[in-house]
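Subject: The model we talked about

Hi,

Here is the structure I promised to pass on. Have a look at it first, and my notes follow underneath.

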Amino acid sequence: MELRDYLRAIRKRWWLLPAAVALAVSVAAVITLRTPPQYATTTTFFIGTPNRGVTDAYQGSLLSQQRVKSYGTLITGDRLAAVVAKQPGVGLSPDQVQQRITAQPVPETVLLQATVTDGSKQRSKLIADVLAAQFTKMVESLETPATAGTPTPAAPLASTVKVEVIAGPKLDETPVSPRPARNLGLAVLLGLLVGAAIAVLRELLDNTVKSAEALQELAGAPVLAMIPNDPEAAKAPLVTGSAQRSARAEALRKLRTNLQFVDVDRPVRVMVVTSALPSEGKSSTSANLAIVFAEAGQRVLLIDADLRRPKVAEYFGIEGAVGLTNLLAGQAQPEDVIQRWSQGLWILPSGFLPPNPSELLASQHMADLLGTFRERFDVVVIDSPPLLPVTDAAILTTVADGAVLVVRAAKTSTAQVTGALQALETVNARLLGCALNLVPGMKSENYYYYGQDEGGRSNGKRVPAALTASASPARATSAQHARSVSAPPAPPASGPPARPISAPPAAPVSGAAPRVGRASVGAPPSNMGPRTKEQSPAYGETTVPTPTRSGPR
């Protein structure tokens, strides 16, 4: 990883930094409050030697510097601690006294600083006083030569080293521990470091697909579109009405365009939209892809082939109890179950849920139906189950022109994408490309130029008339479609209700639909026949002109 990768990881998980800082500051505050205060008393000793000339002074200075290092160990030793502990008022054992004494020679000098730290001010001062007196006596006894003879009052034995107290003992009224400002400052710094380390570590351990470049390298196929995460999609999954001007709708139109030109020598007519796992947005992508194809003037059939957890009928608000399973069982004709949703878009729901969906989708009848739909529609979009849990999608790709793999950004792992690709390779399926869905934090600067922000609201910029006049026919058709779907004509006041389920304008299928061999769909519900609804704005005919194309395809 480069430096910008580390910065991107920290920015992506920025909330870890304040969380770690808050935790560290809390712990430091608790420790600071619960730690008893400690007071220090400092004494400074001067180590010297008697001298009678310049040479003696120089040699004595070198000797004193060497002695200072040794005296630092002596002042913290157990011998002196035992002497101090015997003094009245100390009330500590020699080990406890030894733990409270520290010594530090002053560099490049003959000075030695001794510090006594204790929770009581009085005891700290008492131990320092006793230490200063006893240390001076101990050094004099150690440095007095034993061969100098017998001392007399007139001529006492002289020590070769002289120790004097030049500062202290001085008690510091401010506790040396704890120090709240220092502790909290260190906690903030430590929290920032730990938060950044956790953010980078999570980025290194995160094996999900987060970018189009990583997905393209992993799949070996082009990324046809990056669909942004739209918060409004949970309530309004379809790109109709005001959502037609959102960044999500533009990404889906880009997906439509790329699919039309993915292979000009082998045009895609029947495509399977699938994913590695559930909850990656394949059903909403299928539904919206069919809508944007219809916007472009294509005759589109959307098939809900997810016979385990169908969602298309719920998205479009249509009846889904009768549909594909009834066709595969030979219990209905296409014109009985295909529902027209808008001009250019027909929907084939899943029907009742069978006990053997894989066998139904792998039957010859399913292949024959797709062949018929290929001739009667310009585009057939099939919403299929995920690839990893079941084999339904892999089966459908063998009779389709190709598959579009929907991958959820920052959610689907590389291992899951690899497993989905292997499932497609096993049946020699054609992978048209991938769609990176629910991309977080994706901006749409190019779309913002046309007068809309990410939510489809006006950004307050005026679009020149020349740009408006040069808008593409597909955008004009999209606007007509939005007006016709949102405000269709009112249903007739009298007469028999119009039949909402009708076949596309093509020649009907001759003869009865063949049965599905030995494949059984179980017992269908009692109201198996095609259901009709009163003509309503959601199911009525639209006012968008019929495409100029005539006759069956």
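Met-271 has Gly-402 of strand E11 as its bridge partner. That pair belongs to the ladder between strand E6 (residues 270–275) and strand E11 (residues 402–408), which is parallel and counts 5 bridges. Keep in mind while you browse that this is a predicted model.

Zooming out from there, E6 and E11 sit side by side in an open sheet of 8 strands, ordered E5-E12-E11-E6-E10-E7-E9-E8, and the pairing in the sheet is mixed. The edges are taken by strand E5 (223–228) and strand E8 (339–342); each has a single partner strand, so one side of each has no neighbour in the sheet. On average, neighbouring strands are turned by 25° against each other, if you ignore direction.

The E8 end of the sheet is where I spent some time. As a reminder, strands of a sheet pair through backbone hydrogen bonds, either parallel or antiparallel. Strand E9 (residues 345–348) gives you both kinds: strand E7 (residues 300–304) runs parallel to E9 and is joined to it by 4 bridges, whereas E8 runs antiparallel to E9, with 3 bridges between them. On the E7 side, Ile-303 stands opposite Leu-348 of E9. On the E8 side, Gln-339 stands opposite Ile-347 of E9. E8 and E9 form a hairpin with 2 residues between the strands, and Gly-344 there takes a positive phi near 90°.

Which way do the side chains of E9 point? Leu-345 and Ile-347 go one way, Trp-346 and Leu-348 go the other, and all of them are buried. That fits the usual pattern, since in a regular strand the side chains alternate between the two faces of the sheet.

Just off E7, in the loop that leads to helix H11 (312–316), you'll find Asp-306. Is Asp-306 buried or exposed? Its relative accessibility is 4%, so Asp-306 counts as buried. Leaving aside residues up to four places away in sequence, Asp-306 touches Lys-282, Ser-350, Asp-383, Ser-384 and Pro-385.

Ser-120 is another loop residue I looked at, located between strand E3 (111–118) and helix H6 (121–143). With a relative accessible area of 24%, Ser-120 is partly exposed. Its C-alpha atom is 6.8 Å from that of Tyr-39, although the two residues are 81 apart along the chain.

On to the helices. Helix H1 (residues 3–12) packs on helix H7 (residues 180–205) with the axes 8 Å apart and an angle of about 105°, so H1 and H7 are roughly perpendicular to each other. H1 brings Tyr-6, Ala-9, Ile-10 and Lys-12 to the contact, and H7 brings Ala-196, Ala-199, Val-200 and Glu-203. By type, the residues of this contact are 6 nonpolar, 2 charged and no polar.

Finally, some overall numbers. The protein has 553 residues, of which 43% count as buried, and it contains 20 helices and 12 strands. About 28,300 Å² is exposed, with carbon and sulfur atoms supplying 56% of that area. Taking contacts between residues at least 6 apart in sequence, 80% join residues at least 24 apart.

Cheers

Terms used. Residues are numbered from 1 along each chain as its sequence is written. This is a predicted model: local features need pLDDT of at least 70, side-chain atom pairs count only at pLDDT 80 or more; totals for chains, interfaces and linings use all residues. Side-chain values use heavy atoms; hydrogens and water are left out. Two strands pair if DSSP finds at least two bridges between them. Axes are lines fitted to C-alpha atoms, for helices over the stretch in contact, and angles run from 0 to 180 degrees between N-to-C directions. Buried means under 20% relative accessible area, exposed over 50%, partly exposed in between (1.4 Å probe, protein chains only). Contact means heavy atoms within 4.5 Å. Accessible areas come from the Shrake-Rupley method with a 1.4 Å probe; for residues, only the protein chains shown count as cover. Angles under 35 degrees count as roughly parallel, over 145 as roughly antiparallel, 65 to 115 as roughly perpendicular and the rest as oblique. Ala, Val, Leu, Ile, Met, Phe, Trp, Tyr, Cys and Pro count as nonpolar, Asp, Glu, Lys and Arg as charged, and the others, Gly among them, as polar.
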